[in-house]
Amino acid sequence: MTPPAASPSRRERDDLAGLLERQRSFLRYTTAGLDDDRATRRTTVSELTLAGLVKHVAATERAWIAFAGGDTAAVSPEGAERWADEFRMLPGETLAGLLEAYADTARATERFLATAELDATHPLPEAPWFEPGSRWSVRQVLLHIAVETAQHAGHADIIRESLDGQRTMG
């Protein structure tokens, strides 16, 4: 007997979860085999490092999932100093610790996604990069997280290739 097909909602959740995990895996892969020193080395004119990108993407995912759950202040444009620290490994932090925090974030997102109402919307905060009065659905938030992760995985790939020739793909 053929098992019943997954509902469109279940398939969509699975597709979103798979998209997010694939992008996360590209980012994690760029850090494979690195120690803390190499993970914090700048290889381009930007301030970006592999450890900083992992930390930032995890913090961004946590903030947007909090927003999707109703905490609209979680993505507020305030706190530029805190935001800058999201891009660097601070004293006492390690790449292994940042990767574990990222894994914890991914697990929390998976739990949220399992029950979230994808059509629920929340107002975006006032910020120059959001249209006034805009609202995002949970679905839009999850797609935004995937895009953000993919963009930073590309940055990470360039940094890693500049560091030692290792590439995520090819």
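This report describes helix packing, nonpolar cores and selected buried residues in a predicted model.

## Helix 3 against helix 6

Helix 3, which covers residues 50–68, and helix 6, which covers residues 138–164, have axes that come within 10 Å and cross at roughly 180 degrees. Because angles over 145 degrees count as roughly antiparallel, helix 3 and helix 6 are described as roughly antiparallel to each other. Sorted by class, the residues in the contact of helix 3 with helix 6 are 14 nonpolar, six polar and three charged.

Taken individually, helix 3 has 19 residues and reaches 27 Å from its first C-alpha to its last, which is close to the 27 Å expected at 1.5 Å a residue. Helix 3 is also mostly covered, with 16 of its 19 residues buried, and just after this helix G70 takes a positive phi of about 115 degrees. Helix 6, with 27 residues, reaches 39 Å between its first and last C-alpha atoms, close to the 39 Å expected at 1.5 Å a residue; just after helix 6, G165 takes a positive phi of about 85 degrees.

## The nonpolar cores

The largest nonpolar core has 21 residues, and those with the most contacts inside it are W64, F67, W136, V138, V141 and L142. At least two residues of this core come from each of helix 1 (8–29), helix 3, helix 5 (95–115) and helix 6, and helix 6 gives the most, with five residues. In soluble globular proteins, nonpolar side chains tend to be buried together.

V138, one of the residues with the most contacts inside the largest core, touches A68, F112, A116, E117, L118 and A120 when residues up to four places away in sequence are not counted. Apart from the largest core lies another, of 20 residues, which includes F26, L34, A39 and L98.

## I145 in helix 6

I145 has its place in helix 6 and, with a relative accessible area of 2%, is buried, because buried means under 20%. Leaving aside neighbours within four places in sequence, I145 is in contact with L20, E61, W64 and I65. For the pair formed by I145 and W64, the separation is 81 residues in sequence and 7.3 Å in space, C-alpha to C-alpha.

## L98 in helix 5

L98 lies in helix 5 and is among the residues of the core of 20 residues. With a relative accessible area of 9%, L98 is buried. When its neighbours within four places in sequence are left aside, L98 is in contact with A51, V54, K55, M89 and E93. The C-alpha atoms of L98 and G52 are 8.9 Å apart in space, although these two residues are 46 residues apart in sequence.

## R13 in helix 1

R13, whose place is in helix 1, is a charged residue by class and is nevertheless buried, with a relative accessible area of 10%. Beyond its neighbours within four places in sequence, R13 is in contact with L113, A114, T115, A116 and L118; among these, A116 and L118 are also touched by V138. R13 and R41 are 28 residues apart along the chain, and their C-alpha atoms are separated by 37 Å.

Note on methods. Residues are numbered from 1 along each chain as its sequence is written. This is a predicted model: local features need pLDDT of at least 70, side-chain atom pairs count only at pLDDT 80 or more; totals for chains, interfaces and linings use all residues. Side-chain values use heavy atoms; hydrogens and water are left out. Axes are lines fitted to C-alpha atoms, for helices over the stretch in contact, and angles run from 0 to 180 degrees between N-to-C directions. Helices (H or I, at least four residues) and strands (E, at least two) are DSSP runs, numbered from the N terminus. Angles under 35 degrees count as roughly parallel, over 145 as roughly antiparallel, 65 to 115 as roughly perpendicular and the rest as oblique. A nonpolar core is a set of buried Ala, Val, Leu, Ile, Met, Phe, Trp, Tyr and Cys residues joined through side-chain atoms within 4.5 Å. Buried means under 20% relative accessible area, exposed over 50%, partly exposed in between (1.4 Å probe, protein chains only). Contact means heavy atoms within 4.5 Å. The expected span of a helix is 1.5 Å times one less than its number of residues.
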